[in-house]
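Good morning, and thank you for joining. Today I would like to present one protein model and to describe how its sheets and helices are arranged.

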Amino acid sequence: MSQLLPSDLSTGSRGTDTLDRAGPLAGATVGETDRPAVSEPGTLVDRLPNATAASRDILAALNDTAADYPRDHLAHELIAEQAARAPERVAVESGGVGLTYAELDARANQVAHYLRERGVGPDVLVGVCLDRTAEMVAALLGVWKAGGAYVPLDPDFPAERLKLYLEDSAAPVVVTQSHLAHLLPAGGARVVDLDAERDAIGRGPTGPLPHSGTPANLAYVIYTSGSTGRPNGVAVEHRALVNFLVSMQREPGLSRDDVVAAVTTISFDIHHLELWLPLIAGARVAVLRWADAADGVRLAEELDRTGATVLQATPTRWRLLLAAGWAGRPGLKAFCGGEPMPPELAGRLLERAGEVWNLYGPTETTVWSTVHRVGRVAGAVPIGHPIANTQVYVLDPRLEQVPVGEVGELYIGGDGLARHYLNRPELTAGRFVADPADPGRRIYKTGDLARLRPDGVLECLGRIDHQVKVRGYRIELGEVESALAAHPLVAAAVAHVTGDPAELVAYVVPRPGAAPTPEAVRQHARERIPAYMVPGPVVFLDALPMTPNGKVDRKALPAPTRAPVPAAPGRARVAPRTDAERDLLAIWADVFGNPNLGVTDDFFDLGGTSLKAAEVVALVSGRLGHTIPLGAMYEATTVEKLAVLVQNRLEMGTPSVLVPLQTGGHKPPLFMIAGVGGHVFTFHKFARALGADYPVYGLKAVGVDGGRRPPESFEEIAAEYVREITAARPQGPYLLSGYSIGALVAVEVALQLQALGHEVPLVVVFDMNAPGYPPPLPLRRRLAVHARNLFRREGGVRYAVRRVRNLGNRVIRLAGLERLLFPTHPALDALPQDALRDVWVALQTAARRYRPGGKMHGTVSLFRAEVPIDLWNAVVNVDPHLGWQGLTTGRVELHSVAMGHLEVFHPDNIDRLARQMAGSIDRASPAAAAER
């Protein structure tokens with residue numbers, strides 16, 4: 001539908017050319033030469049099908065904005081005219097030091113001559129990095145008078161940011177001061193130091209240069225943040241700036257008796273109203289230091305000191321002022337823009353100011369494009385109507401005008417359009433598009449949603465690029481924010497999406513003395529927006545974080561907290577996968593009173609506070625016996641992460657494989673050997689359940705910490721364990737246990753200890769077949785078993801798949817590619833994966849090769865899982881002792897464990913296991929039994 005214009009489209013093809021041009025307003029007050037509107041050749045209203053006559057009238061009246069202004073003048077020429085009329089009036093003051101119009105004009109002319117000698121002329125960009133003083137205003141005017149366009153370089157911005165601006169703009173000259181020069185990159189631009197070169201500049205002529213450009217030349221380039229992370233330089237011409245200033249002089253209006261308090265950095269385009277509007281009107285501008293403007297109390301004092309009659313600020317800065325107890329000024333004009341104006345804020349300003357105006361406009365259309373005088377507040381505050389020589393359209397995706405009352409994207413046309421984005425032709429072409437009613441004109445695609453109300457004023461509903469998707473619904477954050485801000489106890493509100501999956505969060509600043517509850521805020525929103533748009537977490541803040549430009553810094557919003565809620569439909573709950581995760585998740589469930597949590601749920605998303613963090617730390621110590629610092633809860637904010645941290649803390653500080661789990665007690669020590677996972681966290685809880693009289697040590701897998709490559713034989717592994725065991729406890733007897741493959745290592749450890757003359761009265765086996773068991777079946781029997789399992793009513797297909805997989809794994813092992821079979825496990829992501837893989841491969845390899853060199857002489861206590869790992873084992877393992885009787889000269893005690901192999905140490909089993917283990921220890925060691 002639309003045709004994009006070339007990216008270099010600038011003067012001569014803009015909407016302004018359909019209007020008559022007027023000459024300079026010599027000696028006249030700007031605004032006295034208004035002329036009637038000139039009819040347009042075609043409008044988008046003509047293309048609106050089925051529109052009522054009333055709708056067409058509303059739409060036509062909206063853009064009936066043609067008004068004359070000094071089209072052939074530049075802003076600094078209008079200021080010079082004021083200097084000629086009233087040279088002795090104070091034009092600019094800062095910190096009690098002022099410049100009259102004559103002094104300002106003369107100083108600016110001297111800077112202009114100096115810059116012209118250094119190559120500054122029409123469309124030459126000049127970087128300006130200066131403190132906020134009257135001298136800064138003179139320097140900016142000097143750039144214009146030399147014919148150049150200024151590029152603001154805020155001294156408070158990072159040096160890297162300033163470097164990027166200078167590189168992109170290729171400004172050949174930079175104006176700065178001695179104490180700020182270090183912020184600028186070395187080389188490149190010619191630096192004009194106003195301090196060091198003050199005398200040279202002061203010797204220059206005070207009269208104007210004969211030629212300082214035309215209205216079609218650039219006035220400034222201001223950088224805005226870009227969606228790609230690269231700032232975009234918006235290049236604005238003098239004609240656009242003059243139209244804006246003259247229009248604002250008419251409405252909201254400014255007279256020569258006004259005093260405008262300038263509080264905005266020159267890197268934010270709204271500074272043009274603060275600095276230049278009063279000067280073209282013959283009024284006074286009071287330039288406030290950033291420190292004064294950013295402090296509510298000091299700002300209020302400065303408004304009184306300067307006698308300010310006009311203050312322009314973002315909603316955030318207005319709230320800052322109100323929070324400081326500002327009582328207001330009866331005659332003050334309060335201009336508010338840059339963010340949506342909350343109704344509550346509008347109401348409070350109406351109580352303290354003579355007039356309140358809501359202003360709207362993108363940088364690309366020269367500061368403000370619409371204005372609205374706020375009267376009574378009843379709902380959302382509109383953005384009003386376009387300023388002079390500006391057109392606004394609410395269009396659908398086909399660039400067709402939407403009917404009155406319907407939502408569309410806001411487009412802006414007219415004299416305020418910027419020339420282009422500097423060095424960004426593709427972006428220029430995409431945002432400055434052809435007017436579908438007149439392709440010879442351009443309109444700017446704002447990216448804002450809007451609607452035209454039946455009363456003829458515009459409402460802005462937020463950014464299209466702030467559109468989010470939560471729980472499958474598309475949500476506009478601006479609409480949510482409007483609903484939140486309408487609460488009578490809320491001073492300001494921001495809606496933000498955080499987390500994965502996305503959670504809609506409300507950040508709320510209560511009114512002074514008010515204390516709304518999260519539920520009250522949500523209920524208020526529910527009355528205005530659909531349920532799916534109501535935020536869950538509500539975060540209360542003393543103030544919203546601000547950028548240097550006075551806008552909300554969304555990146556600085558703190559981590560949300562919220563009351564615990566059941567898992568949302570469709571949100572996957574990650575169940576615990578290790579004993580550590582299971583133990584910790586049980587604690588979290590108690591702390592939050594929510595049994596539906598998963599190991600990946602974030603502590604602070606669930607409503608975690610410092611008090612709850614302290615409660616978790618206490619329960620981890622009380623229930624599990626682990627001591628973790630309170631700060632750990634801020635580092636490991638999920639059960640998944642905390643489990644790894646607790647495990648690492650348990651095992652850290654010991655370079656050996658031996659980990660003391662419980663060193664007190666007088667009974668024979670128990671040494672528990674880790675399974676294929678290599679770590680001993682699981683055993684710690686079991687040791688506590690045994691009781692304080694039973695000393696317990698864990699034995700990590702050799703190499704699990706990544707310090708060395710693990711041995712691939714149980715003989716080597718056992719030899720190291722024996723050295724560690726005898727070093728810790730030189731005298732036996734020794735009790736051993738092993739979980740899963742660790743039980744096979746325990747066999748070899750027992751044999752080596754026996755060979756050294758030590759007594760090993762008990763070996764505890766947790767769900768593992770004895771080495772070499774089960775023996776291979778005859779072929780006929782094997783085929784019969786397979787056939788029986790395949791033709792089972794339930795599980796036959798799964799059995800077949802498993803057998804095929806096992807066959808493939810066997811081939812991989814025979815090929816020496818065991819590492820390919822290492823099972824990935826999300827719970828182990830924070831652990832050294834390479835070390836875990838090496839341990840797994842080494843233990844698997846050692847198990848295949850291991851053939852015990854004798855028999856143990858003590859008791860084997862076998863804890864066998866009721867649920868077998870494999871259906872094959874359920875059929876083949878006809879020996880209830882899993883072959884262990886043939887490996888010891890003693891007896892085998894059989895204990896049944898509910899659940900499966902991985903759940904042996906489940907909390908539901910742990911106390912029963914401990915009681916049975918204690919009984920086995922006492923029976924195997926008469927001395928222990930006697931003590932008991």
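I shall begin with the overall picture and then turn to two sheets.

This is a predicted model, in which local features need pLDDT of at least 70 and side-chain atom pairs count only at pLDDT 80 or more, whereas totals for chains, interfaces and linings use all residues. Residues are numbered from 1 along each chain as its sequence is written, and side-chain values use heavy atoms, with hydrogens and water left out.

The protein has 28 helices and 33 strands; helices (H or I, at least four residues) and strands (E, at least two) are DSSP runs, numbered from the N terminus. Of its 932 residues, 56% count as buried, where buried means under 20% relative accessible area, exposed over 50%, and partly exposed in between, with a 1.4 Å probe and protein chains only. The accessible surface comes to about 37,800 Å², and carbon and sulfur atoms account for 53% of that; areas come from the Shrake-Rupley method with a 1.4 Å probe, and for residues only the protein chains shown count as cover. Among contacts (heavy atoms within 4.5 Å) between residues at least 6 apart in sequence, 69% join residues at least 24 apart.

Let us take one sheet. It is open and mixed in pairing, with 9 strands in the order β2-β1-β10-β9-β11-β12-β13-β14-β15; two strands pair if DSSP finds at least two bridges between them. Strands β2 (97-100) and β15 (385-386) stand at the edges with a single partner strand each, so one side of each has no neighbour in the sheet. Helix α7 (residues 238-253) packs on this sheet, touching β12, β13, β14 and β15, and its direction makes about 135° with that of β13. Such angles run from 0 to 180 degrees between N-to-C directions, with axes being lines fitted to C-alpha atoms, for helices over the stretch in contact. Within the sheet, β9 and β11 run parallel and are joined by 2 bridges; Val260 has Val310 in β11 as its bridge partner.

I now turn to another sheet. Here 7 strands form an open sheet, again with mixed pairing, in the order β27-β29-β28-β30-β31-β32-β33. Its edge strands are β27 (658-662) and β33 (892-900).

Which residues cover the two faces of β31? Leu762, Val764 and Phe766 lie on one side and Val763 and Val765 on the other, and all are buried. The chain reaches β31 from β30 through helix α22 (residues 742-755), in a right-handed β-α-β crossover; right-handed means that, with the strands pointing away from the viewer, the path from the first strand over the helix to the second runs clockwise. Strands β30 and β31 run parallel, joined by 5 bridges, and Gly738 stands opposite Val765, while Ser737 has Val764 as its bridge partner. On to β32: 5 bridges join β31 to this strand, also in parallel, and Val764 is partnered there by Ser861. Helix α27 (residues 907-924) lies across β28, β30, β31, β32 and β33, at about 175° to β33.

Finally, helix α21 (residues 714-728). Its buried residues include Phe714, Ile717, Ala718, Tyr721 and Ile725. An α-helix has 3.6 residues a turn, so residues three or four places apart point the same way.
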